Amino acid sequence: MSLREKLRVMVVDDMATSRGLITQALDSIGIQNVSTATDGKSAIALLARSPVHLVISDYNMPEMDGLHLLHYLRSNPQTQKLGFLLITGRTDPAIINKGKQLGMNNFIAKPFQPADLKTAIESIVGRL
């Protein structure tokens with residue numbers, strides 16, 4: 001069984017269209033074990049019940065943005081080693097630097113191509 005068949009990914013984004021585009025891109029590169037959450041709080045609840053290897057999170061979400069979710073994950077012993085990929089339409093250096101300080105593994109700017117997403121994921125988990 002290849003890494004792409006074993007890899008469990010959670011996509012966190014408040015916009016249904018964005019979640020759909022990300023999950024379609026994951027499917028196109030052969031990653032099919034994907035769960036989704038509409039915000040950081042629901043992602044935390046889902047991760048407690050069903051752990052994953054990699055979280056792909058939007059930055060701009062209500063209540064708990066992607067960096068707050070990252071901070072929570074890195075502060076919790078059960079989730080501190082999860083891979084974390086931030087997807088954002090705002091490539092503001094302050095956001096990226098804060099993400100790196102919090103332990104973000106990688107980021108990708110919206111809009112993206114599936115090949116770009118694959119490259120970003122492989123930088124975290126290894127060759128798919």
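Student: In this predicted model, in which loop is E63 found?

Tutor: The model is a prediction, and E63 belongs to a loop that has β3 (54–58) on one side and α4 on the other. The residue is therefore to be sought in the loop between β3 and α4.

Student: What is the value of phi at E63?

Tutor: Most residues other than glycine have a negative phi. E63 is a residue other than glycine, and its phi is positive. The value for E63 is near 65°.

Student: Are α3 and α4 roughly parallel or roughly perpendicular to each other?

Tutor: Two packed helices are described by the angle between their axes and the distance between the axes. For helix α3 (residues 40–49) and helix α4 (residues 66–75), the axes lie 9 Å apart and the angle is about 30°. Angles under 35 degrees count as roughly parallel. The arrangement of α3 and α4 is therefore roughly parallel.

Student: Which residues in α4 are met by G40, A43, I44 and L47 in α3?

Tutor: The contact joins four named positions in α3, G40, A43, I44 and L47, to residues in α4. By class, the residues of this contact are six nonpolar, one polar and no charged. The partners in α4 are L69, Y72 and L73.

Student: Are α2 and α6 roughly parallel or roughly perpendicular?

Tutor: The axes of helix α2 (residues 16–28) and helix α6 (residues 114–125) cross at roughly 75° and come within 9 Å. Angles of 65 to 115 degrees count as roughly perpendicular. The relation of α2 to α6 is therefore roughly perpendicular.

Student: Which residues in α6 meet I22, A25, L26 and S28 in α2?

Tutor: On the α2 side, the contact is made by I22, A25, L26 and S28. The contact of α2 with α6 holds six nonpolar residues, one polar and no charged. On the α6 side, the residues are P114, L117 and I121.

Student: Which helix gives the largest share of the lining of the largest pocket?

Tutor: The largest pocket, with a volume of about 160 Å³, is lined by S18, L21, I22, Q24, A25, K110, P111, F112 and P114. By class, this lining has six nonpolar, two polar and one charged residues. Five of the lining residues come from one helix, the largest share, and that helix is α2.

Student: Is the peptide bond from K110 to P111 cis or trans?

Tutor: Most peptide bonds are trans. P111 is in the loop between β5 (106–109) and α6, and K110 and P111 are among the residues that line the largest pocket. Omega of the bond from K110 to P111 is near -10°, and the bond is cis.

Key:
Residues are numbered from 1 along each chain as its sequence is written. This is a predicted model: local features need pLDDT of at least 70, side-chain atom pairs count only at pLDDT 80 or more; totals for chains, interfaces and linings use all residues. Side-chain values use heavy atoms; hydrogens and water are left out. Axes are lines fitted to C-alpha atoms, for helices over the stretch in contact, and angles run from 0 to 180 degrees between N-to-C directions. Helices (H or I, at least four residues) and strands (E, at least two) are DSSP runs, numbered from the N terminus. Angles under 35 degrees count as roughly parallel, over 145 as roughly antiparallel, 65 to 115 as roughly perpendicular and the rest as oblique. Contact means heavy atoms within 4.5 Å. Ala, Val, Leu, Ile, Met, Phe, Trp, Tyr, Cys and Pro count as nonpolar, Asp, Glu, Lys and Arg as charged, and the others, Gly among them, as polar. On a 1 Å grid over the protein atoms alone, a cavity is a set of points where a 1.4 Å probe fits but cannot get out, and a pocket is an open set with protein on both sides within 12 Å along at least five of seven lines; lining residues have an atom within 4 Å of a point. Grid points are joined across faces, edges and corners, and a volume is the space filled by probe spheres set on the points.
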